[in-house]
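Please open the structure in your viewer and keep the sequence panel beside it. The tour below moves from one selection to the next and says what can be found at each stop.

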Amino acid sequence: MAQPVAMSFSAALERSDRVAPALAAAKHAQNAARLTEESLSTLNRPIVTVSAQYVEYQKTLSLDLTGPRRDALDSTNSFLNSIPGSVAPEFQAIAADVVGRISQALPGLFSALPSELSYRFRQDVFRPTVQGILPIYTGGAISAIKRGAEAGTALSEARARSARDLTQVNLIRAYFGQLAAASLEDSTRQSLEALDDLLSDAVKLEMAGFIPRARRLEAQVARDAAERQYERAVLAHDSARSDLAGLLEVEGVTPTTSLFVQTAPLPPSSEFLGGEDDLPQTREADAAKAVARAGVDLARSRQRPQAFAFGEYNLNRSNALPVEPDWILGVGVRYTLLSNVGRSQAVAAAREQEAAADETARGARQTSRTATLRAWNLVESARRSFVSLDSSLAAATENLRVQRISFREGEGTVTEVTGAEAALAATRTQRVATAYEYDLALAALLTAAGRLDSFPGYLAAANVRVPILATR
């Protein structure tokens with residue numbers, strides 16, 4: 001089995017920044033949002049596409065000649081009827097006879113003409129074209145999309161910072177939690193060893209006739225209870241070590257930075273207020289509000305007309321379709337008269353989203369202020385408790401010494417000794433637990449105030465270190 005890695009808190013923090021999945025995921029999301037914003041920055045530019053088509057087509061043209069044939073016959077008859085009057089009188093009879101003969105023959109001649117002409121054309125065509133479209137006016141849609149993408153980037157940055165704060169708080173909990181668990185294991189081990197000695201003394205005193213058997217049994221019961229507490233502490237320590245090792249993705253960690261307490265009071269709570277606007281939670285809420293506002297503008301754009309310029313150029317004009325132009329340029333306006341989506345309701349829904357985001361941002365600021373004040377009180381409470389425990393620890397140590405002497409001299413009872421031992425163990429445990437509580441409360445305070453990056457500075461300035469105990 002690999003040996004645990006000795007690691008200071010600063011080294012653990014650096015490694016956590018590298019290996020934490022939540023931070024990696026937030027970083028990828030941040031990059032994705034930034035790239036999306038960059039991809040949408042050119043929406044005002046034209047869209048140019050190239051396409052190529054191979055077309056086989058057939059075209060049939062039909063022309064109805066019934067009307068033109070009738071009109072031509074009528075016109076011819078009218079012309080022929082006018083001929084006799086246009087010649088000399090002596091020739092009019094001859095002309096009339098000729099015209100009559102021709103008029104009789106005309107219907108037969110015209111009936112030989114078809115009543116319909118039909119033409120069928122079939123061809124293969126290769127059609128390479130270049131098309132372009134340029135938005136001129138979109139009703140504000142493009143600017144709304146750009147602002148939404150920009151707000152999305154700000155939102156991802158705020159979430160990345162929130163993820164880092166959460167990761168760092170989890171590391172503080174696990175790193176110093178392993179130290180607290182190790183101290184608890186050591187304290188219960190010391191209590192067990194002390195009660196082993198007490199039981200040994202009780203056995204000797206019973207054999208010498210100085211105490212009754214009941215006293216020795218009391219010592220046995222107390223010793224067994226201490227053993228059970230020690231076993232629970234060992235399991236808790238193992239869980240704490242697995243927790244920290246899992247966070248840092250190593251086989252095991254031996255912390256080299258001890259639990260700490262600054263016995264001097266922190267600055268007043270008012271000095272930790274005022275930075276609500278820069279907190280990840282409020283920045284995230286503000287970015288969500290900006291996204292919602294862009295959504296309102298985008299919904300409004302659907303109620304407005306759109307204008308655009310367009311063009312197309314045929315790269316194979318010599319082989320184009322008969323009705324296809326060589327090139328075309330133009331401008332167009334489009335307005336949706338009837339939509340299958342309620343546009344007014346969409347605008348109203350977007351406004352409700354904006355209002356919800358605004359309330360969320362306001363609530364985030366209030367929550368931050370409340371959390372800061374609560375965490376400051378917890379830090380101060382833990383500090384005062386830790387300071388007061390110094391005298392309690394000294395008194396419990398002296399009381400145990402006195403009770404052990406009294407028991408050996410036959411004046412004290414097992415109950416008094418075990419009670420003094422339990423009081424000392426509880427005081428030692430409470431001192432470690434209070435130091436751990438101070439460190440966690442300090443992390444919570446700095447997180448609520450948006451100053452979690454200053455935690456290592458508070459650690460370095462602390463004037464009390466809880467000794468690091470050797471671990472298994």
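## Helix against helix

Begin by selecting α1 and α5, two helices that are oblique to each other. The model is a predicted one, and in it α1 covers residues 9-19 while α5 covers residues 141-208. Their axes come within 10 Å and cross at roughly 140°, and the crossing in which α1 passes α5 is right-handed. To see the contact itself, show the side chains of F9, A12, L13, S16 and D17 on α1, and then those of R164, T167, Q168, L171, I172, Y175 and F176 on α5. If you colour this contact by class, 7 residues come out as nonpolar, 3 as polar and 2 as charged.

Keep α5 selected and add α7, the helix of residues 280-301. Here the two axes are 8 Å apart, and the helices pack at an angle of about 160°. Because angles over 145 degrees count as roughly antiparallel, α5 is described as roughly antiparallel to α7. The crossing of α5 and α7 is left-handed, and the residues of their contact divide into 14 nonpolar, 5 polar and 8 charged.

## A loop residue beside α2

Next, select L40, which you will find in the loop between α2 (21-39) and β2 (47-64). L40 has a relative accessibility of 21% and therefore counts as partly exposed. With its neighbours within four places in sequence left aside, L40 is in contact with I145, K146 and A149. For a sense of distance, add E421, which is 381 residues away from L40 in sequence and, from C-alpha to C-alpha, 71 Å away in space.

## Into strand β3

Move now to T129, a residue of strand β3, which runs over residues 116-137. Is T129 buried or exposed? T129 is buried, since its relative accessible area is 3%, and the cut-off for that word is under 20%. When you display its surroundings, leaving aside neighbours within four places in sequence, you should find T129 in contact with T49, V50, S51, E312, Y313, N314 and E324. One of these, T49, is 80 residues from T129 in sequence, yet their C-alpha atoms are 8.4 Å apart in space. Then add Q131 to the selection, as a polar contact of 2.3 Å joins the side chains of T129 and Q131.

## A turn after α6

From the strand, go to E249, whose place is in the loop between α6 (213-248) and β4 (253-255). What is there to look for in the backbone angle phi of E249? The value is near 55°, which is positive although the residue is not glycine. With a relative accessibility of 46%, E249 counts as partly exposed.

## Buried positions on α8 and α9

Select T372 in helix α8, which spans residues 343-408. T372 is buried, its relative accessible area being 2%. Not counting residues up to four places away in sequence, T372 touches F272, L273, L445, A448 and A449. Among these, A448 deserves a separate look, as the side chain of T372 reaches the backbone oxygen of A448 at 3.4 Å.

Continue with L424, which is found in helix α9. L424 has a relative accessible area of 6% and is therefore buried. If you again leave aside neighbours within four places in sequence, the contacts of L424 are with L393, A396, T397 and L400. Now zoom out and add P107 to the view: P107 and L424 are 317 residues apart in sequence, and their C-alpha atoms are 136 Å apart in space.

## The last stop

Finish at S454, which lies in the loop between α9 (414-448) and α10 (455-461). Which term, buried or partly exposed, applies to S454? At a relative accessibility of 28%, S454 counts as partly exposed. Add A443 as well, and draw a distance between the two C-alpha atoms: S454 and A443 lie 11 residues apart along the chain, with a separation of 9.4 Å.

Notes: Residues numbered from 1 in each chain as written. Predicted model: local features only at pLDDT ≥ 70, side-chain atom pairs only at ≥ 80, totals over all residues. Heavy atoms only, no water. Axes fitted to C-alpha atoms, helices over the stretch in contact; angles between N-to-C directions. Helix = DSSP H or I, 4+ residues; strand = E, 2+ residues; numbered from the N terminus. Parallel < 35°, antiparallel > 145°, perpendicular 65-115°, else oblique. Left-handed = near helix turned anticlockwise from the far one by under 90°. Contact = heavy atoms within 4.5 Å. Nonpolar A, V, L, I, M, F, W, Y, C, P; charged D, E, K, R; others polar. Buried < 20%, exposed > 50% of the residue type's maximum accessible area, 1.4 Å probe, protein only. Polar contact = N/O pair within 3.5 Å; in protein donor to acceptor, adjacent residues only side chain to side chain.
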